[in-house]
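The following exercises deal with salt bridges, burial and helix geometry. Work through each task with the sequence and the model at hand before reading its solution.

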Amino acid sequence: MTLTWILKPFPDLTTPELYALLQLRSEVFVVEQTCAFQDIDGQDQLAWHLLGYAPTGELAAYTRLFEAGISYPEASIGRVVVSPRFRRYGLGRELLHQSIAAVGRLFGEQPIQIGAQLYLQAFYESFGFRQVGAGYLEDDIPHIHMVRA
């Protein structure tokens, strides 16, 4: 499946784009993962937003990207999510590939840090990320910090 990728800073998001990305994040991070947390955290306004649309026009994949010094000392990728309706097409790999490339285009080639759910460690390692530091709980979900040099 081929997605149409759109990369925008927060002020350029349309109301339907913002609604779609917040709806997808809520569907997965709050409902599917049964995790009540404050997703709207004041960081969206500082991020670039990468949206992957399916041929149907539905938002299938999303990440938010930060320059160094906002979330971590390094540039970072966060809120990595693929819609449950579009899983098993390899879109997670395409999303991360697109996200890493977008960080390079926006901020220059540099290390990237993520806060990854522990069960996805091998997935992120396949993109060159390596664990740094000890694991931690975030909203009762095991996480690790990872950096791609």
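**Exercise 1.** What span should the 18 residues of α1 have at 1.5 Å a residue, and how far apart are its end C-alpha atoms?

*Solution.* The structure is a predicted model, in which local features need pLDDT of at least 70 and side-chain atom pairs count only at pLDDT 80 or more, while totals for chains, interfaces and linings use all residues. Residues are numbered from 1 along each chain as its sequence is written, and side-chain values use heavy atoms, with hydrogens and water left out. Helices (H or I, at least four residues) and strands (E, at least two) are DSSP runs, numbered from the N terminus. The expected span is 1.5 Å times one less than the number of residues, which gives 26 Å for α1, and this agrees with the 24 Å between its end C-alpha atoms. As a further step, note that α1 bends by about 30 degrees at Ser26, the bend being the angle between axes fitted to the seven residues ending there and the seven starting there. Just after α1, Thr34 takes a positive phi of about 40 degrees.

**Exercise 2.** Identify the buried residues of α1 and the strands against which they pack.

*Solution.* Buried means under 20% relative accessible area, exposed over 50%, and partly exposed in between (1.4 Å probe, protein chains only). By this criterion the buried residues of α1 are Glu17, Ala20, Leu21, Leu24, Arg25, Val28 and Phe29. These buried residues pack against β1 (4-9), β2, β3 (59-66) and β4, where contact means heavy atoms within 4.5 Å.

**Exercise 3.** Examine the salt bridges that involve Glu17, Arg25 and Glu32, and state where the partners lie.

*Solution.* A salt bridge is a side-chain nitrogen of Lys or Arg within 4 Å of a carboxyl oxygen of Asp or Glu, and the structure holds ten of them. Begin with Glu17, which pairs with Lys8 at 2.8 Å between the closest N and O atoms; Glu17 is buried at 9% relative accessible area, and Lys8 also counts as buried at 18%.

Next, Asp39 and Arg25 meet at 3.0 Å, N to O. Asp39 lies in the loop between α1 (15-32) and β2 (48-53) and Arg25 in helix α1, so this pair ties together parts that are 14 residues apart in sequence.

Finally, Glu32 bridges to Arg87, with the closest N and O atoms 3.1 Å apart. Since Glu32 belongs to helix α1 and Arg87 to the loop between β4 (75-82) and α2 (91-107), the pair ties together parts that are 55 residues apart in sequence. Glu32 counts as partly exposed at 39% relative accessibility, as does Arg87 at 33%.
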